[in-house]
Structures are given as C-alpha cells and as structure tokens.
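Please work through the following exercises with the sequence and the coordinates at hand. Each task is followed by a solution in steps.

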Amino acid sequence: YIGLPPGAPQAFSHYIQEHLFDAVKPAATHFIRAHATDSDAECRRYAELLSAAPVDLVCLGVGENGHIAFNDPWVADFSDSDIVKRVQLDEQCRQQQVNDGCFARTDDVPMYALTLTIPALVSARHMVCVVPAATKRQAVTRMIHDPVSEELPATILRRHNRAFLYLDKDSGADLC
C-alpha cells in the first residue's frame, strides 16, 4: 500500500516477514518498498530485481472481486508491458481489506498500491494459490467456470501449466 509507514502491520511485507521469513530465514529478501517517495523509481528498482532473478514460485490468493495481487478487474492487463506498477484500488478491494481485519474502516485503506503485473506473476515457473473464506466463494466459482478474461483476473491461472489452487470448505463449497 502506498502511504503506509515502513513496518506498518497492514503491509504485506510485514505479514510475510513475520509469518514466513522469520521462520524460514532466507539468505536475502527483497520487498517492494511502497513507502518509497518515488513510486516510479521503486517500480523500476523492483522490476530490475525481478529481471535479474526470474521467479520460481508465486504464492498468491484471490480477492473478492477476482483480483490477483492488486490487479483489480478494471486495471488488469494480461499483456501489460510493465513488471511492477502503481494502481488505484477499487472500492470492493478496499472493503475486502476491512473484511479481512487489516483496517478498521474503508477510509483507512490506502487508495493506491504497487503491484506485480499479471505477466510478471504468471512468468513464475510455479504458482500456488490459496483461497480461504466464504467471502471469496463467488470469485472462486467464477474463476473456475467463467471464460479467461481480464474481467476476472484470477482466471489467468487456468492458462498456467503449473498453477495449483487450494480451497477450504467455505471458498470451494459450490464446487463439490
């Protein structure tokens, strides 16, 4: 999220550090610095890192509106030439952050974020998508049954040869 201070508990880098990297202790980590004063420069910096070391594994989820990373339907571009970009978050995405307990009110959720683009995500050799919660059931059902389209960005996973989808009983209830 653009506008949060470094180390803010709502930042994905904070969550990943606390729940994964503190336990695994990798030799190096590289996070998108959404708090950087120059978003364009930060997008270039991170794109250079990704270009220098292609991604083996992307772990992601699916948003209530079918977004992946912060590629909401209205900004999703399956042919995006960028690797990382600044995006404006739609209302449903911002409301999801409240529903997930990350923020108390929608007004507290930043309006903008930096995200890997869809081509950057699907360039990974492997993709693991974990989707819990009944609030995401409709998006999961559409992800599996709707045509592959930018209208529901998560459908792009169906075109990846090594994408794996893991659902819980709530998010996958309509599929059983």
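The exercises below treat a predicted model and turn from a helix to salt bridges and then to a surface patch.

**Exercise 1.** Determine which side of helix 2 is buried and what the buried residues pack against.

*Solution.*
Step 1. Helix 2 runs over residues 39–52 and has 14 residues. From first C-alpha to last, helix 2 reaches 20 Å, close to the 20 Å expected at 1.5 Å a residue.
Step 2. Buried means under 20% relative accessible area. The residues of helix 2 that are buried are Ser39, Glu42, Cys43, Tyr46, Ala47 and Leu50.
Step 3. These residues lie on the same side of helix 2, because the arc they cover around the axis is only 135°.
Step 4. Glu48 and Ala52, on the other side of helix 2, are exposed.
Step 5. The packing partners of the buried residues are strand 2 (84–88) and strand 3 (112–116).

**Exercise 2.** State how many salt bridges a search of the whole structure finds, and classify the partners Asp80 and Lys85 as buried or exposed.

*Solution.*
Step 1. The search of the whole structure yields eight salt bridges.
Step 2. One of them links Asp80 to Lys85, with the closest N and O atoms 2.7 Å apart.
Step 3. Both Asp80 and Lys85 are buried.

**Exercise 3.** Assign an accessibility class to each partner in the salt bridges Arg105 with Asp108 and Arg142 with Asp146.

*Solution.*
Step 1. A residue is partly exposed when its relative accessible area lies between the buried limit of 20% and the exposed limit of 50%.
Step 2. The side chains of Arg105 and Asp108 meet at 3.0 Å, N to O. Arg105 has a relative accessible area of 45% and is therefore partly exposed. Asp108, at 32%, also counts as partly exposed.
Step 3. Between Arg142 and Asp146 the N to O distance is 2.7 Å. Arg142 is partly exposed because its relative accessibility is 32%. Asp146 is partly exposed as well, at 23%.
Step 4. Elsewhere, salt bridges with shared partners join Arg33, Glu42 and Arg45 into one network. Glu42 is also among the buried residues of helix 2.

**Exercise 4.** Identify the residues of the nonpolar surface patch of about 480 Å², and place Phe12 in its helix.

*Solution.*
Step 1. The patch is made by Phe12, Tyr15, Ile16, Leu20 and Val24.
Step 2. Phe12 belongs to helix 1, which covers residues 12–24.
Step 3. With a relative accessible area of 44%, Phe12 is partly exposed. Patch residues need over 30% relative accessible area, a cut-off that the 44% of Phe12 meets.

Technical notes. Residues are numbered from 1 along each chain as its sequence is written. This is a predicted model: local features need pLDDT of at least 70, side-chain atom pairs count only at pLDDT 80 or more; totals for chains, interfaces and linings use all residues. Side-chain values use heavy atoms; hydrogens and water are left out. Patches are made of residues with over 30% relative accessible area and no salt bridge: like charges are joined within 9 Å, nonpolar side chains (Val, Leu, Ile, Met, Phe, Trp, Tyr) within 5 Å. Accessible areas come from the Shrake-Rupley method with a 1.4 Å probe; for residues, only the protein chains shown count as cover. A salt bridge is a side-chain nitrogen of Lys or Arg within 4 Å of a carboxyl oxygen of Asp or Glu. Helices (H or I, at least four residues) and strands (E, at least two) are DSSP runs, numbered from the N terminus. Buried means under 20% relative accessible area, exposed over 50%, partly exposed in between (1.4 Å probe, protein chains only). The expected span of a helix is 1.5 Å times one less than its number of residues. The arc is that of the directions from the helix axis to the C-beta atoms. Contact means heavy atoms within 4.5 Å.
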